[in-house]
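Visitor: I would like to go through this model with you, contact by contact. Could we begin with the charged side chains?

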Amino acid sequence: MENQYCIIRCDRAGVFAGYVKERNGDEAVLADVRRLRYWAGAASLSQLSMDGTSRPRDCKFTMTVPEMTVFGIIEIIPCT
């Protein structure tokens, strides 16, 4: 998974998209990461990771942050 663009769902912090630089248990260091606050045009995060969104103007994705450590990871979905 290292250096692969993924969608990461955390227990309490929300959903992120970025490159997994390092992973240790339920925490990871991500690069070029943004928070996915709301998405439309995809039925699930799995569909979003495979197909993207058909309604990008209706989504709320934050600006990109160079690096971030996230905790409480419960799901990592590789993107195509």
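Guide: Arg-55 and Asp-58 form a salt bridge, with their closest N and O atoms 2.9 Å apart. The term salt bridge denotes a side-chain nitrogen of Lys or Arg within 4 Å of a carboxyl oxygen of Asp or Glu. Please note that this is a predicted model, in which local features need pLDDT of at least 70 and side-chain atom pairs count only at pLDDT 80 or more, while totals for chains, interfaces and linings use all residues. Residues are numbered from 1 along each chain as its sequence is written, and side-chain values use heavy atoms, with hydrogens and water left out.

Visitor: Is Arg-55 buried or exposed?

Guide: Arg-55 is partly exposed, with a relative accessible area of 42%, and Asp-58 is also classed as partly exposed, at 37%. Here buried means under 20% relative accessible area, exposed over 50%, and partly exposed in between, using a 1.4 Å probe and protein chains only.

Visitor: How many salt bridges are there?

Guide: The count is three. One of them joins Glu-75 to Arg-9, at 2.8 Å from N to O. Glu-75 belongs to strand 6 (residues 73–78) and Arg-9 to strand 1 (residues 5–10), so this pair ties together parts 66 residues apart in sequence. Helices (H or I, at least four residues) and strands (E, at least two) are DSSP runs, numbered from the N terminus.

Visitor: And which residue forms a salt bridge with Lys-21?

Guide: That is Glu-67, the closest N and O atoms being 2.6 Å apart. Because Glu-67 lies in strand 5 (residues 65–71) and Lys-21 in strand 2 (residues 14–24), the pair ties together parts that are 46 residues apart in sequence. Glu-67 is partly exposed at 45% relative accessible area, and Lys-21 is partly exposed at 32%.

Visitor: Changing topic: how many disulfides does the structure hold?

Guide: The structure holds zero disulfides, a disulfide being a pair of cysteine sulfur atoms within 2.5 Å. For Cys-10, the nearest cysteine sulfur is that of Cys-6, 12 Å away. Cys-10 is buried, at 4% relative accessibility.

Visitor: Why is Cys-79 too far for a bond?

Guide: The closest cysteine sulfur to that of Cys-79 is in Cys-6, and the separation is 6.2 Å, which is too far for a bond.

Visitor: What is in contact with Ser-49, leaving aside its neighbours within four places in sequence?

Guide: With those neighbours set aside, Ser-49 is in contact with Ile-7, Ile-77, Pro-78, Cys-79 and Thr-80, where contact means heavy atoms within 4.5 Å. Ser-49 is located in helix 1 (residues 45–51) and is buried, with a relative accessible area of 3%.

Visitor: Now the rings. How many aromatic pairs are there?

Guide: There is one aromatic pair. Tyr-5 and Tyr-19 are arranged edge-to-face, 5.0 Å centre to centre with 70 degrees between the planes. The pair links distant parts of the chain, with Tyr-5 in strand 1 and Tyr-19 in strand 2, 14 residues apart. Rings of Phe, Tyr and Trp (its six-membered ring) pair if their centres lie within 6.5 Å; planes under 30 degrees apart count as stacked, over 60 as edge-to-face and the rest as tilted.

Visitor: Where does Tyr-38 lie?

Guide: Tyr-38 lies in strand 3 (residues 27–38). From C-alpha to C-alpha, Tyr-38 and Tyr-19 are 20 Å apart in space, and 19 residues separate them in sequence. Leaving aside neighbours within four places in sequence, Tyr-38 is in contact with Asp-58, Cys-59, Lys-60 and Phe-61.
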